[in-house]
Amino acid sequence: MRIKHSLYYKFILGYLIFGLLEFIVIATVSSNMAYNYLVQAKADSLYDEASLLASNYSDIYRGQNMNFDSTLQLEAVAAYLHGEVWIVNNRGTVVADSSHSRTSDSIDGFDPTFTGNKSYRISNYYGCFNYDVLTVSVPITGNYRIHGYVLIHLPVSEIQDTINNFLNILYITCIIILGLSLIILLVFTTTVYFPLKKITAAANQYAEGNLKHKLTLYTQDEMGYLAATLNYMSDELDKMEEYQKNFIANVSHDFRSPLTSIKGYLEAILDGTIPPDMQEKYLTRVISETERLNKLTQGLLTLNNLDNKGYLSRNNFDINRVIKDTAASFEGTCNAKDIVLDLTFSHNIIMVYADLGKIQQVLYNLIDNAIKFSHPNSVIYIQATIKYEKVFVSVKDTGIGIPKNNLKKIWERFYKSDSSRGKDKRGTGLGLSIVKEIIQNHGETIDVISTEDVGTEFIFTLPRATNL
């Protein structure tokens, strides 16, 4: 179960880790960035206000004394900024302040350059406050001399409150985003996780050999396509399993029959059931059955070799010559049944690019089949014609034909047209299977046209030779 659900659990864990990291980033990086930004922004704002006050107080400069009878402006600025505004002379004495509580106070250790190279400084300002404040200082000048300073103090807590309000908005926004992102999790669960569970369960059923199991998943996406592919695969594997069973049964049958005959004949010879003058006849039958077994074995080996697509050895050759040579090898058989082979070629020489030996085997099997199922005193027509870049070869007989409902089955291995194992008792049922394998491995096609009690025609194509 852990393995089965690990992907889903990892996705949820990743979702939770993402949410946690999001809050950590907001609480640290975003908080620091916001703090630095607001401190600088407040410092710039305070400096602008302090500069304006210093300019105003410079205008009221009289001789060497400064008149600070009115502090209304200081109070207004302090109220606006939520801080305190001081006017300090060169000796560090507060000559005016917005709160009226620090007038005439002296600042111990007063240093007008305490901000350094910055426009502000955060501290308790020489112990004047019990909390940290943001302080800016601007000199009051007159007649090219500095007569005092305008100091504005803003509690850092004010900045922190602003940051907290900003972060609260971010936290609420993140919570809303995480809540909405649950929709993605739900979509993933329904469109990926649940279908994946079904697919996994189906795969386990197939692995256990239950190829009848059907995967019910009807979505028009990649998951649906995968489910349809698995269903197709299971159907094909089921067909293959049935084919293998039939294949083994057919092989067993076709081997058992001649072996049983051979054993019976030899036992009869050994125990004297067959008299000596009849033994030659039955030994000839034993040899015939042995040849049948050899032919069956060779057919199986050929089919096994045809499974390897790289077996072809292609070259250019004249298909007319191959047809003539193959037809000539059936002269004795044709004479015995008074069958005539009628050869017709559209051109004197028709060059093709293929495996000569394999195509010769195709022609041999087709002509052999035509002779087997043709009536005595009949004609078999063999033609080769050129159409565009293809060469069409036809083998047509006027024999017994093939029933319509059996046409699709003739390419199956060991298939024979009747329940008594075929009209040709010596056949293996592999000839047409070998023919189709060879033609398909050439990348070409083979078709059959047949009418029962009229005849059958096989037509296959070959590529024309190039660069002649």
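**Exercise 1. Find where the salt bridge between lysine 214 and aspartate 235 sits, and how covered its two partners are.**

Solution. Begin with the pair itself: the side chains of lysine 214 and aspartate 235 form a salt bridge at 2.3 Å, N to O, where a salt bridge is a side-chain nitrogen of Lys or Arg within 4 Å of a carboxyl oxygen of Asp or Glu. Next, place the partners along the chain: lysine 214 is in the loop between α3 (156-207) and α4 (222-270), aspartate 235 is in helix α4, and the pair, 21 residues apart, links distant parts of the chain. Helices (H or I, at least four residues) and strands (E, at least two) are DSSP runs numbered from the N terminus. Finally, consider cover: lysine 214 counts as partly exposed because its relative accessibility is 42%, and aspartate 235 is partly exposed too, with a relative accessible area of 30%. The cut-offs are under 20% relative accessible area for buried and over 50% for exposed, with partly exposed in between (1.4 Å probe, protein chains only).

Before going on, note that this is a predicted model, in which local features need pLDDT of at least 70 and side-chain atom pairs count only at pLDDT 80 or more, while totals for chains, interfaces and linings use all residues. Residues are numbered from 1 along each chain as its sequence is written, and side-chain values use heavy atoms, with hydrogens and water left out.

**Exercise 2. Locate the partners of the salt bridge between arginine 102 and glutamate 84, and decide whether glutamate 84 is buried or exposed.**

Solution. The side chains of these two residues, arginine 102 and glutamate 84, meet at 3.6 Å, N to O. This pair also links distant parts of the chain, since arginine 102 is in the loop between β2 (94-97) and β3 (121-123) and glutamate 84 is in strand β1 (residues 84-89), 18 residues apart. Glutamate 84 counts as buried because its relative accessibility is 19%.

**Exercise 3. Describe the salt bridge between aspartate 368 and lysine 372.**

Solution. Aspartate 368 and lysine 372 are joined by their side chains at 2.9 Å, N to O. Both residues belong to helix α8 (residues 356-372), where they are four residues apart, about one turn of the helix. Aspartate 368 is buried, at a relative accessible area of 17%, whereas lysine 372, at 28%, is partly exposed.

**Exercise 4. Set these pairs within the whole chain.**

Solution. The structure holds five salt bridges, and its chain has nine helices and twelve strands. Of the 468 residues in the chain, 38% are buried.
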